[in-house]
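Please look at the structure shown below, and then follow the paragraphs after it from a small sheet to the packing of helices and the nonpolar core.

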Amino acid sequence: MFQSTIARESSAEGVGLHTGVYGHVRLTPAPADTGIVFRRVDLDNFAIEAQGKNVARVSYATSLMKQGVLLSTTEHLLAAIYSCGIDNIYIDIDSIEIPILDGSAEPFMAMLEQAGFRRLRRKRRYLQVLKPLEVTEGDRRIGIYPAEEFHVCCYVDFPHPQVGQQQVELTVSPDSFRNFLARARTFCFERDIEPLRAMGLIRGGSLDNAIVLTSDGLMNGPLRFADEFGRHKALDLIGDLALVGLPLLARVEAHKAGHSLHTQLVSKLLADPSLWTITTKSHPEPAAQDAHQPSSDVHREAGIASAAD
Ligand SMILES: [Zn+2]
């Protein structure tokens, strides 16, 4: 398996969910061993690597900060790039926040499809997890475990008639991400809107970029999937795991987790090199892959997906 980048530039623009600042984002090819690097083109191309060491405050979105330069809401774009197996890319941005677009990762997938895929002549390096690591906060928890592929399992439970308990499980690949997760949108509860605005958040939020849940229904239905909330949380999880900085060979289980637990897991994992090794070993041989049938959850998801489309 070789490293990759994109074949050509691709752009999008829009408002940031939390700051409300309008920005332009451009994806640019990068050489081998660059990794995923944001560049603030409004600040002399100041580079902020998409790595755990640059995680800043994390609340309703994941923000990176390096030498006082901030970049917010990286998770949806990173989820698309990471799931597509793009190892090296520059993300040029002229504002403090990645545009929210429609609240999902689908517009970013469209950008990547337009940008194309280019294989590089350097071997790909994976971070292979050797020992389990768990982080717990009350009834929320997240764990990472040894596995031969990158697999995520995400459980959410919101006491709301449209949400309830949802579990999404999949082996992450460009196809599984595109088909099951990319279109799932950000959501928020109507009762949280005023408190969030009072905190200076969701200044760019609108019914065009987030599902809003009222006390017993939806302000702006229909949903794209019956379990769109669980799917979006899995998307967020993958976007935060991208901050490991290398493709993962691991299984990650998130139980009522969020950006804070996701990024704590990344930081604790990277801080303890006895938990992992870096390998150029590729994905399992085809014979081994046959043994990893998609889980029954994914089959069930597929049924729901086609019903909701
Ligand atoms: Zn999100």
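How many residues lie between E6 and E7 in the hairpin that they form? E6 and E7 form this hairpin with three residues between them, where strands (E, at least two residues) and helices (H or I, at least four) are DSSP runs numbered from the N terminus. The model is predicted, so to speak of local features requires pLDDT of at least 70 and side-chain atom pairs count only at pLDDT 80 or more, while totals for chains, interfaces and linings use all residues. Residues are numbered from 1 along each chain as its sequence is written, and side-chain values use heavy atoms, with hydrogens and water left out.

The hairpin belongs to an open sheet of three strands in the order E6-E7-E8, with antiparallel pairing; two strands pair if DSSP finds at least two bridges between them. Strand E6 (55–58) and strand E8 (69–72) are the edges, each with a single partner strand, so one side of each has no neighbour in the sheet. From one strand to the next, the twist averages 30 degrees. E6 is joined to strand E7 (residues 62–66) by two bridges: Val-55 stands opposite Leu-64, and Val-58 has Thr-62 as its bridge partner. Four bridges join E7 to E8, and here Leu-64 is partnered by Leu-71. E7 and E8 also form a hairpin, with two residues between them, and Gln-67 in that turn has a positive phi of about 45 degrees.

Turning to the helices, helix H1 (residues 75–83) and helix H5 (residues 228–241) have axes that come within 7 Å and cross at roughly 75 degrees, the axes being lines fitted to C-alpha atoms over the stretch in contact and the angles running from 0 to 180 degrees between N-to-C directions. H1 and H5 are therefore roughly perpendicular to each other, a term that covers angles of 65 to 115 degrees. Among the residues that meet, in contact (heavy atoms within 4.5 Å), are Leu-78 and Tyr-82 in H1 and Leu-235 and Leu-241 in H5.

Leu-241 appears again in the largest nonpolar core, which has 66 residues, and Leu-241 is listed with Phe-38, Ile-91, Phe-177 and Leu-248 as having the most contacts inside this core. Such a core is a set of buried Ala, Val, Leu, Ile, Met, Phe, Trp, Tyr and Cys residues joined through side-chain atoms within 4.5 Å, buried meaning under 20% relative accessible area with a 1.4 Å probe and protein chains only. H1 gives the most to this core, with six residues. Leaving aside neighbours within four places in sequence, Phe-38 is in contact with residues including Leu-64, Leu-71 and Leu-78.

Definitions and conventions
Angles under 35 degrees count as roughly parallel, over 145 as roughly antiparallel, 65 to 115 as roughly perpendicular and the rest as oblique. Buried means under 20% relative accessible area, exposed over 50%, partly exposed in between (1.4 Å probe, protein chains only).
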